[in-house]
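Reader: I have a model open on my screen and would like to learn how to read its strands and helices. Could you walk me through a few features?

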Amino acid sequence: MSAQATVAPWLVDYDATVAAFDWDRAWDDLGGRPDAEHGVNIADLALDRHVRAGRGDHVAIRWIGRDPADVEAPVDLTYSMLASRTHRFACALRNNGFGPGTGVATLTGRIPDLYVTALGTLKGQGTFTPLFSAFGPDPIAQRLQLGHIKVLVTTPTLYRRKVAGIVDRLPDLELVLVCGATEDQTAGSTNGRRGGPRVLSFGAFLCDGTKTFEIGYTDPETPALLHFTSGTTGTPKGAIHVHGAVVTHHLTGRLVLDLHPDDVFWCTADPGWVTGTSYGIIAPLTNGVTSIVDEADFDAERWYRILERDAVDVFYTAPTAIRMLQRLGPELAAAHDFGALRLLASVGEPLDAEAVRWCERVFQVPVLDTWWQTETGGIMIANYRSEPVRAGSMGRPLPGIEVGLLARTPDGDLVTDDRGAPIEITDPDISGELALRAGWPSMFRGYLDQQDRYDAAFVDGWYRSGDLARRDADGYFWFVGRGDDVIKTAGHLIGPFEVESALDEHPAVAETGVIGKPDETAGTIVKAFVVLGHDQVPSDDLRRELLGHARSRLGAAVAPREIEFVDSLPHTRSGKIMRRLLKARELGEDEGDTSALETPAWAT
Ligand code: WT7
């Protein structure tokens with residue numbers, strides 16, 4: 001064990017911390033609670049504050065390029081370098097008329113310009129939206145439209161493959177910045193629409209270092225991040241997070257991830273999903289650590305090499321990745337020395353007790369599951385380094401967070417009392433809908449332009465998570481399942497409706513129902529049941545064509561992995577597809593009460 005492994009945890013006694021907790025005091029570590037005189041800007045706390053404190057030369061991001069050879073040649077970006085580059089980006093936004101409130105999105109892999117864009121946008125009080133680079137043109141266009149995005153940062157390849165063809169659908173888009181392109185490459189770019197977005201090289205756009213830029217007073221309620229997430233129906237929802245959320249990012253970075261300023265931290269999530277922003281950008285930087293950013297996708301050998309070579313202290317990853325490591329066996333890991341590592345944490349899907357024990361054996365550290373959502377902005381339930389880990393459990397509420405379980409009927413409605421108020425389950429080991437007492441700092445402040453969906457997420461002062469869970473007699477929470485039809489595949493949230501809509505657009509398709517099918521590695525995979533038009537004949541060729549169609553529209557991250565042709569789908573009387581029955585059928589379970597069905601027959 002190296003010296004780092006003995007660093008004392010920030011959270012020493014869970015019960016005492018909960019009892020003494022106060023959100024006002026949580027700001028102390030960030031220079032005090034913001035008020036009318038002192039605002040709060042995430043980027044200032046993440047970067048410039050460390051420079052002012054004399055830590056400008058500390059490495060903020062250790063970036064590792066995609067190629068195998070890049071592993072041996074990481075690029076170190078210090079807090080000063082990032083402070084200056086984000087400053088130049090914010091300055092350029094302002095000088096080009098993109099003031100506070102401007103929607104800026106990225107569609108790139110994990111490259112340094114993404115981080116500069118995110119934090120530079122926040123400096124200028126724009127709203128940052130990261131898009132996952134494995135999305136196809138349809139999900140990209142939809143999110144850019146819904147977010148009223150004016151500035152898009154992307155790469156030459158992604159621009160050509162996914163953006164050039166959709167700019168006609170994006171009336172709000174004014175500027176596309178292409179990373180790694182020279183001015184010559186972008187100078188003559190036409191985009192098919194007169195008056196369409198200007199296309200510039202990212203590097204040429206930045207102000208030079210001589211221009212001044214001051215971060216203006218930033219009210220804690222100023223929108224900072226717009227993260228899209230999927231529901232069961234309708235379009236993706238744009239969850240709005242504000243600058244004041246940073247106190248939760250910072251605090252959870254300390255209390256749960258146990259970040260100390262000299263740590264090397266690695267969050268493997270892509271910023272296209274909320275984990276990669278809250279814990280891949282904000283929490284590590286406000287806590288002043290060195291954060292590893294690997295551009296490449298999962299590769300066990302490579303990951304072990306990085307964990308060892310960079311002496312990673314704290315590792316935050318997803319159960320899917322852990323299962324992939326597990327499947328490759330402990331021998332691969334045994335060739336490496338993880339002496340610096342003192343904590344492994346996971347999020348996004350259930351982390352079963354067996355995976356916890358496997359990691360404990362291989363890495364010789366506590367393995368902590370954590371629970372949260374796009375809407376919660378940061379970790380809400382967790383195991384803690386100072387407490388015994390309850391393997392298989394998500395842990396206990398973050399100090400300052402009240403978690404409740406609301407009773408539900410089998411149909412998914414809340415049980416209410418005569419006042420119409422929900423009923424809280426207090427007995428142990430009874431499952432209900434996981435709910436959080438509204439009002440924590442990183443709580444989303446709205447779904448952009450969808451007030452009704454936002455209102456529907458709250459009842460009687462509780463935020464309804466849509467997850468089912470139970471609490472044991474000691475107050476530890478256990479994940480039971482999703483209370484709705486959204487799909488978690490490899491840790492990513494997919495809305496079935498988005499997938500169904502893309503398939504339904506194919507001329508051969510009459511109707512589609514999409515579910516998550518259990519999968520050993522990815523947890524679940526996206527599976528589509530397709531009813532063909534009456535003149536169509538099911539065949540492997542047609543299946544391949546539909547899979548290809550879905551992939552080209554939706555991208556590999558969202559498209560179904562499996563298609564099954566069926567003669568009909570089960571519907572409720574009001575015409576909704578009953579995905580619950582599709583799922584039960586897939587699992588070979590009793591389909592239960594089918595009285596609501598109009599077409600109960602499975603004539604396959
Ligand atoms: C959904 C939220 C992962 C945070 C950012 C992604 C599922 C999350 C756990 C866990 C079982 C989990 C839930 C939740 N989830 N953490 N520890 N055990 N399931 O946020 O994409 O909004 O997904 O991820 O179903 O509602 P997201």
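Author: Happy to! Keep in mind that this is a predicted model. Let's begin with strand S8, residues 223-229, which is mostly covered: 6 of its 7 residues are buried.

Reader: Which strand does S8 pair with, and in what sense?

Author: The partner of S8 is strand S9, residues 237-242, and the two run antiparallel, joined over 6 bridges. To find one of these on your screen, go to Thr229, whose bridge partner in S9 is Lys237.

Reader: Now a helix, please. Which residues of helix H7 are buried?

Author: First, the general idea: an α-helix has 3.6 residues a turn, so residues three or four places apart point the same way. In H7, residues 156-163, the buried ones are Leu158, Tyr159, Lys162 and Val163. They lie on the same side of H7 because they cover an arc of only 105 degrees around the axis.

Reader: And which exposed residues does the face turned away from the buried side of H7 carry?

Author: That face carries Arg160 and Arg161.

Reader: What do the buried residues of H7 pack against?

Author: They pack against helix H6 (137-146) and four strands: S3 (103-107), S5 (151-154), S6 (175-178) and S7 (198-201).

Reader: One last residue: is Asp44 buried or exposed?

Author: Asp44, which lies in helix H3 (residues 42-52), has a relative accessible area of 17%. Buried means under 20%, so Asp44 counts as buried. Leaving aside residues up to four places away in sequence, Asp44 touches Arg49, Arg52 and Ile215.

Methods. Residues numbered from 1 in each chain as written. Predicted model: local features only at pLDDT ≥ 70, side-chain atom pairs only at ≥ 80, totals over all residues. Heavy atoms only, no water. Buried < 20%, exposed > 50% of the residue type's maximum accessible area, 1.4 Å probe, protein only. Pairing = 2+ DSSP bridges. Arc of directions from axis to C-beta. Contact = heavy atoms within 4.5 Å.
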